[in-house]
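Work through these exercises with the model open beside you. Try each task before you read its solution.

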Amino acid sequence: MNTTRFCYFDNNATTRVLPEVVEAMLPFFNEQWGNPSSAYHFGHQLTRPLDAARASVAALIGAEPREIIFTSCGTESINSALNLSSRIDPKKRHIVVSAVEHSATMKFCLHLEKAGISVTRLQVAPDGTLDLKQLEQSIRPDTAMVSLIWANNETGVVFQIAEAATFCRERGILFHTDAVQAVGKIPVDVKSAGVDLLSLSGHKLNAPKGIGALYVRQGVPYEPFVIGGGQERGRRGGTENVPYIVGLGRAAQLARAAFSEMSTVQGLRDRLESSILERIPKVAINGTTATRLPNTSNLAFEGTEAEAILMLLDQAGICASSGSACTTGSLEPSHVLTAMGCSPARARSSIRFSLGRHSTREDVDYLVSVLPGIIQRLREAAA
Ligand code: PLP
């Protein structure tokens with residue numbers, strides 16, 4: 001096999017930092033490395049680049065700059081939003097999430113449960129979609145918050161966020177969305193969607209890892225989760241990570257400008273799927289009938305184990321991933337695919353290919369040339 005080739009199909013895991021983003025960040029390591037809270041010019045001269053970055057991130061999601069709080073990552077944004085559910089009203093002790101949230105939500109819910117908050121996890125249909133009637137039925141007089149993932153990181157399935165947010169707004173229930181995978185890939189506008197809180201992450205957007213943002217609609221009684229020196233107008237303690245914030249701002253600008261490229265990405269994703277379905281028997285697309293992100297394909301290869309496929313793809317220079325988490329040597333099937341009703345065997349045979357703006361037709365064709373042999377080899381070995 002050609003091992004000198006490198007094909008990256010794991011953009012939902014992380015993306016490459018764009019050279020323009022690196023370039024925008026460098027002066028804030030080398031020259032303007034002060035603390036924005038310092039009283040002298042060397043520090044407070046950073047206010048302007050921070051404001052510009054905030055404006056760019058706000059523009060990407062249709063928010064006002066003052067509604068953006070910079071955080072350390074998507075996980076922190078999500079934890080901070082969910083934390084609010086236990087703080088807004090001592091009588092409201094219930095929240096609603098879906099069964100297919102990212103672990104940043106799932107694990108924080110376990111933490112909330114230990115603190116006495118009751119959590120309803122909405123089930124999804126076999127195509128990964130959410131029935132909003134279920135949301136309606138789950139609401140209780142003491143429901144403080146609903147939090148739903150906008151686009152699923154494993155399957156790319158997109159939830160009807162505007163409908164869910166409107167439903168919650170009409171009932172005075174706070175609505176948060178984990179839009180980490182949605183921002184930059186599909187239109188996300190906080191005002192037209194009507195969300196109260198939204199989480200995003202830099203490294204899914206060609207900015208570095210370790211920077212995120214939380215949108216908090218003006219008027220939402222926000223309480224900080226990370227408490228310290230009163231930065232971010234008292235809403236998030238911790239000295240601002242100026243270079244990374246600037247990087248996120250630049251990446252947000254570039255994502256906005258390049259939004260139309262997503263149709264090219266979708267064309268490549270569709271080519272990948274149709275070529276694989278044509279050349280390999282017994283393959284199913286998880287979430288195929290749902291509205292999906294333009295870049296994501298989650299495929300089940302009957303009679304195989306995802307980990308073995310990934311190993312052989314890696315040997316061929318191809319990066320992809322499975323939804324499975326490896327715990328103490330045993331492979332746990334993905335909770336997302338399990339919630340969609342996939343058998344453990346189907347879940348364990350599923351691979352996620354996630355394309356990005358650097359993906360090429362050559363990459364797709366190379367994958368499609370290599371994969372049939374890998375699947376055949378594994379099926380023969382298992383027979
Ligand atoms: N939410 C979703 C849907 C994600 O895909 C991820 C990252 O994979 C996160 C949250 C967490 O983001 P971060 O890695 O910035 O903490």
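Three exercises with worked solutions follow.

This is a predicted model, in which local features need pLDDT of at least 70, side-chain atom pairs count only at pLDDT 80 or more, and totals for chains, interfaces and linings use all residues. Residues are numbered from 1 along each chain as its sequence is written, and side-chain values use heavy atoms, with hydrogens and water left out.

**Exercise 1. Find the order of the strands in the open sheet, and its edge strands.**

Step 1. Helices (H or I, at least four residues) and strands (E, at least two) are DSSP runs, numbered from the N terminus. Two strands pair if DSSP finds at least two bridges between them.

Step 2. Read off the order: seven strands run 2-8-7-6-5-3-4, with mixed pairing.

Step 3. Look for strands that pair on one side only. These are strand 2 (68-71) and strand 4 (118-122).

Step 4. Check one pair. Strand 2 and strand 8 (residues 212-216) are antiparallel and joined by four bridges. Here Ile69 stands opposite Leu214.

**Exercise 2. Decide whether the faces of strand 2 are covered or not, and find what packs on the sheet.**

Step 1. Apply the cut-offs: buried means under 20% relative accessible area, exposed over 50%, partly exposed in between (1.4 Å probe, protein chains only).

Step 2. Take one side: Ile68 and Phe70 are buried. Take the other: Ile69 and Thr71 are buried too. Both faces are covered.

Step 3. Now look for helices in contact (heavy atoms within 4.5 Å). Helix 5 (residues 74-84) lies across several strands, including strand 2 and strand 7 (197-201). Helix 8 (residues 161-170) touches strand 5 and strand 6.

**Exercise 3. Test the length of helix 16, then locate its bend.**

Step 1. The expected span is 1.5 Å times one less than the number of residues.

Step 2. Helix 16 (residues 361-382) has 22 residues, so it should span 32 Å. Its end C-alpha atoms are 32 Å apart, which agrees.

Step 3. A bend is the angle between axes fitted to the seven residues ending at a residue and the seven starting there. Helix 16 bends by about 25° at Leu371. A proline, Pro372, follows within four residues.

Step 4. List buried residues of helix 16: among them are Val364, Leu367 and Leu371. The buried residues of this helix pack against elements including helix 12 (262-279) and strand 10 (296-301).

Methods
Axes are lines fitted to C-alpha atoms, for helices over the stretch in contact, and angles run from 0 to 180 degrees between N-to-C directions.
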